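Colleague: Before we discuss individual residues, I should like to establish the terms. Please display the model and begin with burial.

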Amino acid sequence: DKYRITYFRVDDSHNVMTNDTISTSFSLTGLSPGVLYSISLVSVSEEPHVTVSEEAVGGPLTVRTNPNAPQNFMSGNIATTTVDLNWTAPDSGSNATFDKYKITYSSDSNTQTQEVNAGSINTTLTGLSPGVLYNISLVSVSHEPNVTVSDEAVGGPLTVRTKPNAPQDFTGETLSTTIGLSWNEPDDANGATFDKYRITYSRADGNGNMMTNETNSTNFTLTELSPGVLYNISLFAVSQEPHVTVSEEAVGGPLTVRTNPNAPQNFMSGNIATTTVELMWDPPDNANSAIFDKYRITYSRADGNGNMMTNETSSTSFSLTELSPG
């Protein structure tokens with residue numbers, strides 16, 4: 001006449017549920033996530049004098065429902081070889097259970113897994129390759145036996161790129177009103193990658209905007225700078241697209257480098273006496289926000305006798321005194 005399905009939680013065999021159907025398929029609903037059930041199926045005769053068959057061939061079944069998925073899966077701090085992961089526990093309503101979490105993370109070159117106990121809601125992936133893109137999945141895993149796995153965590157899967165390693169040995173040299181920069185490539189151990197370099201620089205006095213240049217070379221010249229001005233200069237390695245990450249500051253940086261001031265103009269001598277020489281000049285060109293602090297005069301005997309002498313002044317004229325006659 002019909003089929004009768006009976007089922008109960010294996011950990012609670014006293015609470016037996018029953019459903020009857022005339023179909024050859026049936027869905028059990030209202031079950032607890034992550035729980036192991038024992039399920040029996042028999043045929044039931046017509047009324048009166050109802051009789052019941054033996055257990056269905058293949059039964060009874062022992063089936064575990066999938067656990068609920070973790071919630072709010074997200075990445076935290078991202079470094080060169082580590083990624084912090086955070087989430088919240090699965091919904092525990094309807095007596096849901098689970099045993100642990102499983103994290104699967106993969107790059108183009110390999111796939112790895114890590115298990116985390118049910119009491120934790122965060123972990124750190126370690127031993128990653130710098131500058132590499134990872135796909136990261138999180139699921140809940142049921143107890144033994146008949147292990148089942150949840151759907152992907154809410155918020156996942158994540159696509160996260162580690163930071164590239166920083167450039168090495170960053171140095172700068174003033175070349176008149178330009179600054180020549182050079183450095184060495186980042187460490188490429190453990191499959192580390194990067195795409196290019198990014199240079200940022202600005203006036204140390206805060207005037208003007210932060211400027212940015214990118215290059216694939218290990219040297220670069222900053223041009224169109226203001227003469228006599230102090231600059232703060234930083235260098236980073238930048239990862240490939242997509243999900244771009246940027247390294248820490250280059251080893252040796254940030255640099256603080258000053259351009260050379262413009263030279264004074266129209267330098268000439270004036271009155272010349274036995275022991276004095278008057279000097280005069282015009283200020284340097286002040287275009288492009290050029291600055292300077294003072295003038296320095298150096299002088300020595302042309303025959304090489306005596307020492308080099310130095311005087312400094314803020315004026316555009318100066319008298320050298322105590323010179324040797326003739």
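Modeller: A residue is buried under 20% relative accessible area, exposed over 50% and partly exposed in between, with a 1.4 Å probe and protein chains only. The model is predicted, so local features require pLDDT of at least 70 and side-chain atom pairs pLDDT 80 or more, while totals for chains, interfaces and linings use all residues. Residues are numbered from 1 along each chain, and side-chain values use heavy atoms without hydrogens or water.

Colleague: What percentage of the residues of the protein count as buried?

Modeller: The protein has 326 residues. Its C-alpha atoms fill a box of roughly 145 × 35 × 30 Å along the principal axes. By the criterion above, the buried share of the residues is 31%.

Colleague: What radius of gyration does the protein have?

Modeller: The reference is a compact globule of 326 residues, for which a value near 20 Å would apply; the rule is 2.2 Å times the number of residues to the power 0.38, and the radius is taken over C-alpha atoms. The protein departs from that reference, with a radius of gyration of 39 Å.

Colleague: How many strands does the protein have?

Modeller: Helices (H or I, at least four residues) and strands (E, at least two) are DSSP runs, numbered from the N terminus. On that basis the count of helices is zero. The count of strands is 23.

Colleague: Which strands stand at the edges of the sheet that contains β14 and β17?

Modeller: The open sheet has four strands in the order β15-β14-β17-β18, with antiparallel pairing; two strands pair if DSSP finds at least two bridges. Within the sheet, β14 and β17 (230–238) are joined by eight bridges, and I199 stands opposite L235 in β17. The two end strands each have a single partner, so one side of each is left without a neighbour in the sheet; they are β15 (211–215) and β18 (255–258).

Colleague: In β20, which residue is the bridge partner of Q265?

Modeller: The open sheet β19-β20-β23 is antiparallel, and its edge strands are β19 (265–272) and β23 (317–320). A hairpin with four residues in between is formed by β19 and β20, and four bridges join β19 to β20 (277–282). I272 stands opposite V277. The partner of Q265 is D282.

Colleague: Which residues of the largest nonpolar core touch the most other members?

Modeller: Such a core consists of buried Ala, Val, Leu, Ile, Met, Phe, Trp, Tyr and Cys residues joined through side-chain atoms within 4.5 Å. The largest has 18 residues, with at least two supplied by each of β6 (83–88), β7 (100–106), β10 (133–141) and β11 (158–161). A second, separate core of 16 residues includes W183, Y197, V229 and V257. In the largest core, the residues asked for are F73, L85, W87, I103 and I136.

Colleague: Does D195 count as buried, partly exposed or exposed?

Modeller: D195 lies in the loop between β13 (178–184) and β14 (196–203). Not counting residues up to four places away in sequence, D195 touches N216, V238, S239 and Q240, where contact means heavy atoms within 4.5 Å. The C-alpha atoms of D195 and N216 are 7.6 Å apart, although 21 residues separate the two along the chain. Because its relative accessibility is 37%, D195 counts as partly exposed.
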